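Work through the exercises below with the structure open beside you. Each task is followed by a solution in steps.

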Amino acid sequence: MLRRFFGFSIIILVVLACSRDDTASARTRDGARSSPDAVPPRPAVIAPPSEPYKVVSVGVSGTITGTVDLEGAAPVAAIIRPTVDQNVCGNSIVEKNLTLSGTRIGGAVVWLTDIRSGKAFPLEQRFELVNTNCTLDPYVQAISTNATLNVSNDDRTVHTNRLINVGTGEIIGIAPFNDDGEVVPLDRFKEPAEVEVVSDRHPWTHAWIAVLDHPYYAETAANGTFTIDGIPPGRYRLRAWHPSLGFTDDSVTVLAGQQVSVAVKIRPSAVKTPQPSQQPPSDSQRPVAPRLPAASSTPTSSSTPRTIGPPPPAP
């Protein structure tokens, strides 16, 4: 009997040991709101939906094409002075978060905020986010709920990326990396949300994700143009957003079998200081990130580059 008891105990210990996951993989934390890693909720550009999205037969659909322009002065790119991993990050990093072609904004996200039924999602539901040169690329993107985000590391240094639901403060996932070449898949995007991606070791590093529960969204090309097709006829609210600038709303009427063109403008918003708990303050400093604004906020008017972090060493 004693031998049988010890044998059963050994089996339980082996099962428990095998169930542990100490590999570099994405993970979530239960009770994220009370976790030390969680941050206070903040206003978000994506609100919980009024009802679930339904896939229906659209019939004769319409199309929205348009442009997104900057109204007012563009924010001046910050110059970051890393204090860790200079052999990888360099001694200075110039922010490249905003792409402009004249006044046209590249990389802005445009979507219908009130559509609750329509076409099915595309078959391809895999997206990419890359740690490269101690920054994240792309800086902003839109993905679908239930999609997979492959977070990868091209740097020969340690990164730990945290994905934060801005509206709730919850930690959606953590992607740890020990070296270059690693890929961590994340598939925990279950609800619409504005998601901020941060780096624990390199706190100036940021990316933003618009998670949407319908396929009626687009990202503007480098020349600021976009197209959203397969839309059921009706009147909709359209939102355009870039994390470095803010957002703007418009309304548009879609007719069956027709294409409607819109021209939306985003006015740069006032910059607000993020919550201190968003990043560890010990390693280095980072530029203040813009938060959710009103489209009519005062534009940034600085004419000299902003320098973040300690001054460069004297020659």
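**Exercise 1. A five-stranded sheet**

Task: Find which residue in β17 stands opposite Gln 141, and then place the two strands in their sheet.

Solution. This is a predicted model.

Step 1. Opposite Gln 141, in β17, stands Ile 209.

Step 2. β11 and β17, the latter spanning residues 206–212, run parallel and are joined by five bridges.

Step 3. Both strands belong to an open sheet of five strands in the order β11-β17-β16-β13-β14, and the pairing in this sheet is mixed. The edges are taken by β11 (140–144) and β14 (171–177); each has a single partner strand, so one side of each is left without a neighbour in the sheet.

Step 4. From one strand to the next, the twist averages 20°.

**Exercise 2. Strand β16 and its partners**

Task: Determine how many residues of strand β16 are buried, and describe how β16 pairs with β13 and β17.

Solution.

Step 1. Strand β16 covers residues 193–199, and seven of its seven residues are buried.

Step 2. In a regular strand, side chains alternate between the two faces of the sheet. Sort the residues of β16 accordingly: Ala 193, Val 195, Val 197 and Ser 199 point one way, while Glu 194, Glu 196 and Val 198 point the other way. Both groups are buried.

Step 3. With β13 (residues 159–165), β16 pairs in the antiparallel sense over five bridges. Here Arg 162 stands opposite Val 198 of β16.

Step 4. With β17, β16 also runs antiparallel, and six bridges join the two. The bridge partner of Ala 193 in β17 is Val 211.

Step 5. The connection from β16 to β17 is a hairpin through six residues.

**Exercise 3. A four-stranded sheet**

Task: Give the strand order of the open sheet of four strands and say which strands stand at its edges.

Solution.

Step 1. The order is β18-β7-β20-β21, with antiparallel pairing.

Step 2. β18 (217–219) and β21 (246–254) stand at the edges. Each has a single partner strand, so one side of each lacks a neighbour in the sheet.

Step 3. The twist in this sheet averages 20° from one strand to the next.

Step 4. Nine bridges pair β20 with β21 in the antiparallel sense. One residue to look up is Arg 239, whose bridge partner in β21 is Asp 249.

Step 5. Now go to the loop between β19 (225–231) and β20, where Pro 233 is found. Pro 233 has a relative accessible area of 43%, so this residue is partly exposed. Its C-alpha atom is separated by 5.3 Å from that of Ala 256, although the two residues are 23 residues apart along the chain.

**Exercise 4. Aromatic pairs**

Task: Find how many aromatic pairs the structure holds, and classify each by its ring geometry.

Solution.

Step 1. There are two aromatic pairs.

Step 2. Take Tyr 53 and Phe 121. Their ring centres are 6.0 Å apart and their planes lie at 70°, so the pair is edge-to-face; the cut-off for this class is over 60 degrees.

Step 3. Locate both residues. Tyr 53 lies in the loop between α1 (2–19) and β1 (54–55), and Phe 121 in the loop between β8 (117–118) and β9 (126–132), so the pair ties together parts that are 68 residues apart in sequence.

Step 4. Check the exposure. Tyr 53 is buried at a relative accessible area of 12%, whereas Phe 121 is partly exposed at 27%.

Step 5. Take Trp 111 and Trp 241. With ring centres 6.4 Å apart and planes at 90°, this pair is edge-to-face.

Step 6. Trp 111 is in strand β7 (residues 109–112) and Trp 241 in strand β20 (residues 234–242), so the pair links distant parts of the chain, 130 residues apart. Trp 111 is buried, with a relative accessible area of 3%, and Trp 241 is buried, with a relative accessible area of 3%.

**Exercise 5. A pocket**

Task: Describe the volume and lining of the second largest pocket.

Solution.

Step 1. The second largest pocket holds about 230 Å³ of space.

Step 2. Its lining consists of 16 residues; nearest the centre lie Ile 46, Ala 47, Pro 48, Pro 49 and Thr 113.

Step 3. Sorted by class, the lining has nine nonpolar, three polar and four charged residues.

Methods. Residues numbered from 1 in each chain as written. Predicted model: local features only at pLDDT ≥ 70, side-chain atom pairs only at ≥ 80, totals over all residues. Heavy atoms only, no water. Phe/Tyr/Trp six-rings, centres within 6.5 Å; stacked < 30°, edge-to-face > 60°. Buried < 20%, exposed > 50% of the residue type's maximum accessible area, 1.4 Å probe, protein only. Pairing = 2+ DSSP bridges. Axes fitted to C-alpha atoms, helices over the stretch in contact; angles between N-to-C directions. 1 Å grid on protein atoms, 1.4 Å probe; cavity = no way out; pocket = protein on both sides within 12 Å on 5 of 7 lines; lining within 4 Å. Points joined across faces, edges and corners; volume = space filled by probe spheres on them. Nonpolar A, V, L, I, M, F, W, Y, C, P; charged D, E, K, R; others polar.
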